[in-house]
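Grab the model and work through these exercises with the viewer open. Each one has a task and then a solution in steps.

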Amino acid sequence: MAITRILAPNPGPMTLDGTNTWLLPDGIVIDPGPEIESHLDAICEHNVRLVLVSHWHGDHTDAVDTLHKRTRAPVRALDPAWCRAAEPLTDGEVIGDLRVLAVPGHTADSIAFVTDDAVLTGDTVLGSGTTVIMHPDGSIADYFASLDRLEALGDLRVLPGHGDELPSIAAIAREYRNHRLERLDEVRDALATAGIRADDAAALATVADSVYASVPDSLRPAVEAIVHAQLAFVQR
């Protein structure tokens, strides 16, 4: 299936080179992206029949209302709060050539969309680097289960919410899982070295300063979100 990327002009540390809006041949738009007029104009050059949302984060959803008003296309998401003139999505639902796949972990409402030769992963899998587990909305246990579901899809190409296409969802799911497991070992080692438990008041700063020492201060909120998620996982 020919799927077109419309790259939003919102590059940054968390969005890489910008948010990817994906346009399918049948007029389905996945992730409207930020509310930037030039980006909306680019989307509206096409016949938009339906808008789907991979998850609630603003860099994927800020343009929902404006795009809905401009095109009158219904908007569907797992979370009813982001639906416009339509019902929420359900796991396993088939929409034309797409199958809806719930993949919680990055956020509780994260969804992937599966075609015959590709999977559109939102922020669950990125074109480079790894995604942030946004505790308490996100969960590492859920994320591992979602990686299992994605790996089972085999060698479908990956169309991510940020970054370039990847060749195999199975391969990247395994890579992501191994990376998470290595990080969790580093978290446990940092706690053991400091002689504290995961539920200790000092655990967050201890792990963040030790495991993520090379990450710029500007990304500290993201670091703390993932460390919260890691600590919740290791103390289960």
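**Exercise 1. Find out which elements the buried residues of helix 3 pack against, and which face of the helix they line.**

Keep in mind that this is a predicted model.

Step 1. Pick out the buried residues: in helix 3, which spans residues 64-71, they include V64, L67 and H68.

Step 2. Look down the helix axis. The buried residues of helix 3 fall within an arc of 100°, so they line one face. As a reminder, an α-helix has 3.6 residues a turn, so residues three or four places apart point the same way.

Step 3. Now see what sits against those residues. Two helices are on the list, helix 1 (37-44) and helix 2 (58-61). The strands they pack against are strand 3 (28-30), strand 4 (50-52) and strand 5 (75-76).

Step 4. Check the end of the helix too: just after helix 3, R72 has a positive phi of about 65°.

**Exercise 2. Work out which elements build the largest nonpolar core.**

Step 1. Start with the core itself. It has 39 residues, and L150, I169, V227 and L231 have the most contacts inside it.

Step 2. Sort by element. Those giving two or more residues are strand 8 (111-114), helix 4 (140-151), helix 5 (169-194), helix 6 (203-211) and helix 7 (220-234). Helix 5 gives the most, with 8 residues.

Step 3. Zoom in on L231. Skipping neighbours within four places in sequence, L231 touches V187, L191, A198, A203, L204 and V207.

Step 4. Don't stop there: a second, separate core of 16 residues includes I3, W22, L50 and L98.

**Exercise 3. Track down the aromatic pair and describe its geometry.**

Step 1. Count first: the structure holds 1 aromatic pair.

Step 2. The partners are F144 and F233, with ring centres 5.6 Å apart and 70° between the planes. An angle over 60 degrees counts as edge-to-face, and that is the label for F144 and F233.

Step 3. Place the pair in the chain. F144 is in helix 4 and F233 in helix 7, 89 residues apart, so to speak a link between distant parts of the chain.

Step 4. Buried or exposed? Both F144 and F233 are buried.

**Exercise 4. Follow three of the salt bridges, and say how exposed their partners are.**

Step 1. The whole structure has 15 salt bridges. Begin with R5 and D164, which meet at 3.2 Å, N to O. This pair links R5 in strand 1 (residues 4-7) with D164, in the loop between strand 10 (157-160) and helix 5, 159 residues away. R5 is partly exposed at 32% relative accessibility, and D164 is partly exposed at 46%.

Step 2. Next take R149 and D91, whose closest N and O atoms are 3.2 Å apart. R149 belongs to helix 4, while D91 lies in the loop between strand 5 and strand 6 (94-95). R149 has 35% relative accessibility and counts as partly exposed; D91, at 43%, is partly exposed as well.

Step 3. Finish with E151 and R177, at 2.9 Å, N to O. The bridge joins helix 4, home of E151, to helix 5, home of R177, across 26 residues. Buried means under 20% relative accessible area. E151 is partly exposed at 24%, whereas R177 is buried at 16%.

Step 4. Look for shared partners: D148, E151, R174 and R177 are joined into one network by their salt bridges.

Technical notes: Residues are numbered from 1 along each chain as its sequence is written. This is a predicted model: local features need pLDDT of at least 70, side-chain atom pairs count only at pLDDT 80 or more; totals for chains, interfaces and linings use all residues. Side-chain values use heavy atoms; hydrogens and water are left out. Buried means under 20% relative accessible area, exposed over 50%, partly exposed in between (1.4 Å probe, protein chains only). Helices (H or I, at least four residues) and strands (E, at least two) are DSSP runs, numbered from the N terminus. The arc is that of the directions from the helix axis to the C-beta atoms. Contact means heavy atoms within 4.5 Å. A nonpolar core is a set of buried Ala, Val, Leu, Ile, Met, Phe, Trp, Tyr and Cys residues joined through side-chain atoms within 4.5 Å. Rings of Phe, Tyr and Trp (its six-membered ring) pair if their centres lie within 6.5 Å; planes under 30 degrees apart count as stacked, over 60 as edge-to-face and the rest as tilted. A salt bridge is a side-chain nitrogen of Lys or Arg within 4 Å of a carboxyl oxygen of Asp or Glu.
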